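Hello,

Here is the structure we spoke about handing over. Please have it open while you read the notes below.

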Amino acid sequence: AAGLVIGAAGGAGVSAAVSGDGTAAGTGAGGAPALTTVGATEVMFHGKHQAGITDPLQSRGHLIAFDLAPGAGRKEAIALLRRWSVSAKALMAGKAPAGDTGVALDAGPSSLTVTIGFGRTFFDRTGLAARRPAQLDPLPAFSSDALDPRRSEGDLWVQIGADDALVAFHALRTLQKDAGDAARVRWQMNGFNRSAGATAKPMTARNLMGQVDGTGNPKPTDPDFDRRIFVPAGATGPAAWMAGGSYAVVRRIRMLLDDWEKLPLDRQEKVIGRRKSDGAPLTGGTETTELELNKLGPDGKLVIPDNAHSRISAPEQNGGAAMLRRPFSFHDGIGPDGTPDAGLLFICWQADPLRGFVPVQRKLDRGDALSEFIRHESSGLFAVPGGPAEGEYVGQRLLE
Ligand code: HEM
């Protein structure tokens, strides 16, 4: 997978020059309108890891879970993964699959990524229970969970991201149609992030609470990044097929925005322990300055409160537990109670959920200041195998 600006929602900051009549001002060879860098950016389908994990956040995302249809087993699953892989490879290269709808015809690849994972139940349905990783054991229940089982888990999970809404939708429709009689949609969620080029320079994204979100993420340049995020290449045992893969924890987290927005700025900042304007720690410096967790203010109290979200979730406070958070925001209109049905499609990646999401969420669940402003509404845990080699389909090392 290419381009590793984690948390930087913006692309190269190049905006399309559009003339008064709405046509792109730049023209390419033969007078055809040139694609901007946004449209032209292509992410590779083949590689050590699947795309869509370390790539920059895209401005559009779809998460879609499928269950194998009644009667479908390993054979149908293999055929489906082959179809999905053929489509994903073509779409990510900006090519239209056979019998295409034409929805994405004029657009380039637009950083499209398609990422495919397996849920716990997939292994029973396909007679592969002996090869199910222990890492797919159900997550513990948390006291603040309000999970809707119909929007949780699933046999198969697909994450689609692209910097163009039509490209993303097109990929979603193509994969959904590819499912044919083999699998049925269990749930779908739609998300978004800031558009590339919306800010003067690439910046860490903001979430719908207005916070700079993604600062503390492990960086691909960190010496322990691979070990934390990916299953090692030399993995052995029944789940050796996961070498180069990663586990995704997916939570639809509703933000109680009416309550949050009533909170004065200084209290909002204490909830996280960082400044809202630029994401810098309340103990000073810039966005990337380390938090000074023991620093006291003039009133003798901790500047970053005991229950501040960034204190509780920091790897130093959790025996080194770390994850790569790569979310999308969502907004599904106004709920029956008149409040926005909006929040975070929280997706985090790790080599082992018991060394990433679980210990951190356990601790947050015990009294994080953010908890009263959010509600976990659905949950999924998926084994996302390593990237397919040339000629391989996603999951081949498990299925054959
Ligand atoms: C840090 C927001 C849920 C784990 C942060 C930061 C913000 C934030 C603003 C500080 C900036 C940064 O380092 O990215 C939120 C919101 C959430 C949410 C709005 C829910 C809607 C979660 C959950 C987990 C989590 C469920 C994991 C169980 C972390 C971690 C950090 C962090 C690990 C980085 C800590 C560090 O490295 O110092 N979050 N968060 N967050 N959050 Fe969350």
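**Helix α7 and what follows**

The cover over the buried residues of α7 includes α8 (309–313). Helix α7 itself spans residues 265–272, and its buried residues include Lys270, Val271 and Ile272. Right after α7 comes Gly273, with a positive phi of about 95 degrees. Please keep in mind that this is a predicted model.

**Strand β8 and its partners**

How many residues of strand β8 are buried? The strand runs over residues 340–350, and eight of its eleven residues are buried, so that β8 is mostly covered.

Three strands pair with β8, and I take them in chain order.

- Strand β5 (residues 246–255) is antiparallel to β8, with eight bridges between the two. In this pair, Val250 is opposite Ile347 of β8.
- Strand β6 (residues 324–325) is also antiparallel to β8, with two bridges. Here Arg325 has Cys348 of β8 as its bridge partner.
- Strand β7 (residues 328–334) is antiparallel to β8 over five bridges. Ile334 is bridged to Pro340 of β8.

The strands β7 and β8 also form a hairpin, and five residues lie between them. Gly338 is in the turn and has a positive phi of about 85 degrees.

**Helices α2 and α4**

Two packed helices are described by the angle between their axes and the distance between the axes. For helix α2 (residues 74–92) and helix α4 (residues 165–179), the axes come within 9 Å and cross at roughly 160 degrees. An angle over 145 degrees counts as roughly antiparallel, and α2 and α4 are therefore roughly antiparallel to each other. Their crossing is right-handed.

Which residues make the contact? From α2 they are Leu80, Arg83, Trp84, Ser87 and Leu91. From α4 they are Ala171, Thr174, Leu175, Asp178 and Ala179. Sorted by class, the contact of α2 with α4 has six nonpolar residues, two polar and two charged.

**Loop residues**

Most residues other than glycine have a negative phi. Two residues to look at with this in mind are Ser111 and Glu153.

Ser111 is not a glycine, yet its phi is positive, at about 60 degrees. The residue sits in the loop between α2 and β2 (113–119). Is Ser111 buried or exposed? A residue needs 20 or more other C-beta atoms within 10 Å to count as buried. Ser111 has 31 within 10 Å, so Ser111 is buried.

Glu153 is not a glycine either, and its phi is positive, near 50 degrees. Its place is the loop between α3 (120–125) and β3 (156–162). With 23 other C-beta atoms within 10 Å, Glu153 is buried.

Asp106 is in the loop between α2 and β2, where Ser111 is found as well. A residue is exposed if 12 or fewer other C-beta atoms lie within 10 Å. Asp106 has 11 such neighbours inside 10 Å, and therefore counts as exposed. Along the chain, Asp106 and Gly94 are twelve residues apart, and their C-alpha atoms are separated by 9.5 Å.

Regards

Key
Residues numbered from 1 in each chain as written. Predicted model: local features only at pLDDT ≥ 70, side-chain atom pairs only at ≥ 80, totals over all residues. Helix = DSSP H or I, 4+ residues; strand = E, 2+ residues; numbered from the N terminus. Pairing = 2+ DSSP bridges. Axes fitted to C-alpha atoms, helices over the stretch in contact; angles between N-to-C directions. Parallel < 35°, antiparallel > 145°, perpendicular 65-115°, else oblique. Left-handed = near helix turned anticlockwise from the far one by under 90°. Contact = placed C-beta atoms within 7 Å. Nonpolar A, V, L, I, M, F, W, Y, C, P; charged D, E, K, R; others polar.
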